[in-house]
Amino acid sequence: MVNAQNFDVVAIGETMAMLTPVDGGGLESAATVVVDIGGAESNVAMHLAAAGVRVAWASRVGNDPFGRRILGRVGGAGVDVSLVDVDDTAPTGVYFKDPVETGTTVHYYRAGSAAALMSAEWVTTIPFTEARMVHVSGITPALSTRCAEMIEAVFAATAGTHTQVSFDVNYRPALWTIHQAAPILAGLADRADVVFVGLDEAEILWGTRSPQDVRQLLSHPGRLVVKDGAVGATEFLGELETFVEPLAVGVVEVVGAGDAFAAGYLAAALSGD
């Protein structure tokens, strides 16, 4: 078994093949697409590796070209992928980005994927409690009943240990309804040690209108970061509240920005900043 004491962070979650039209038009008329990969937890892992953090990604992929592509990309970024299972019977999930005039929409084809078969039993083979931190997101419990049970097992296994849980709320309306997601995501977030949530998604889920409202709802995490786009971000570190204005940047791609933010924050927190 891999010794997770070699890692600062173990990130657990699904990564899929991502197909996007080349010309910027919609899928309906696109003649050519480019193949890439996309997954919140592996995004965080790759950014952490770039920041010099010892990180592993744990997941399941199919024994197919997409699965091998994902392993090559994530592993090539300096992330340890030895905790990833390759499934001979279930496929790697796929999603398509559809950029149209009204904005980009995403179409998922992930039902029955290898990663959707992650389970509470499977996660017992992952020595994440030997690492300093395990990073998960609110995407995973929406994938399947087995995945929801797996996330519960992660929280149960880390309770009372030295391993902290980092949890990005990451509400995905394409995966489940507000009614389904709101209580589950609030319950998981309030049990985590480090929580990331966008103020916009918090308002959608829980009706909270300010970072302070979110903190009142999620009172237990030692670190809570509420992101508010171009307005800035508010960190609650115990009783200390800190607001930071955003950096002025040119927007290249909005998808994955939250993952980069989380990785930057975690890298700093792990180094003692």
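I take a residue as buried when its relative accessible area is under 20%. The model I am reading is a predicted one.

**Entry 1, strand β2.** I looked up how enclosed β2, residues 16-21, is. With that cut-off, 6 of the 6 residues of β2 are buried, so I note the strand as largely enclosed by the rest of the structure.

**Entry 2, partners of β2.** Which strands are joined to β2, and in which direction do they run? I find 6 bridges to β3 (residues 33-38), and this pair runs antiparallel. To β7 (residues 94-100) I find 3 bridges, and here the strands run parallel. I then went through single positions. Methionine 18 is set opposite aspartate 36 of β3. Threonine 20 has valine 34 as its bridge partner, again in β3. On the β7 pairing, I have alanine 17 opposite valine 94.

**Entry 3, the sheet.** I traced the strand order as β3-β2-β7-β8, an open sheet of 4 strands with mixed pairing. At its edges I find β3 and β8 (103-109), each of which pairs on one side only. On average, neighbouring strands in this sheet are turned by 25° against each other, with direction ignored.

**Entry 4, helix α2.** I checked what α2, residues 65-76, lies across. The helix crosses β2, β3 and β7, and I note an angle of about 60° between α2 and β3.

**Entry 5, threonine 163.** I went next to the loop between α4 (145-158) and β10 (164-168), where threonine 163 is located. Is threonine 163 buried or exposed? Its relative accessibility is 1%, and because the cut-off for buried is under 20%, I count threonine 163 as buried. I also looked for what its side chain reaches: the backbone oxygen of alanine 131, at 2.8 Å. Leaving out residues up to four places away in sequence, I list the contacts of threonine 163 as Phe128, Thr129, Glu130, Ala131, Arg132, Met133, Val134, Thr158 and Asp193. Ala131, in that contact list, is also the residue whose backbone oxygen the threonine 163 side chain reaches.

**Entry 6, nonpolar cores.** How many residues does the largest nonpolar core have? I find 47, and the residues with the most contacts inside this core are Val10, Ile12, Phe167, Val169, Leu185 and Trp206. Helix α5 (residues 178-189) supplies the largest share of this core, 6 residues. I also noted a second core, separate from that one, with 27 residues; among them are Ile37, Val55, Val194 and Leu270.

Definitions and conventions: Residues numbered from 1 in each chain as written. Predicted model: local features only at pLDDT ≥ 70, side-chain atom pairs only at ≥ 80, totals over all residues. Heavy atoms only, no water. Buried < 20%, exposed > 50% of the residue type's maximum accessible area, 1.4 Å probe, protein only. Polar contact = N/O pair within 3.5 Å; in protein donor to acceptor, adjacent residues only side chain to side chain. Contact = heavy atoms within 4.5 Å. Pairing = 2+ DSSP bridges. Axes fitted to C-alpha atoms, helices over the stretch in contact; angles between N-to-C directions. Core = buried A, V, L, I, M, F, W, Y, C linked by side-chain atoms within 4.5 Å.
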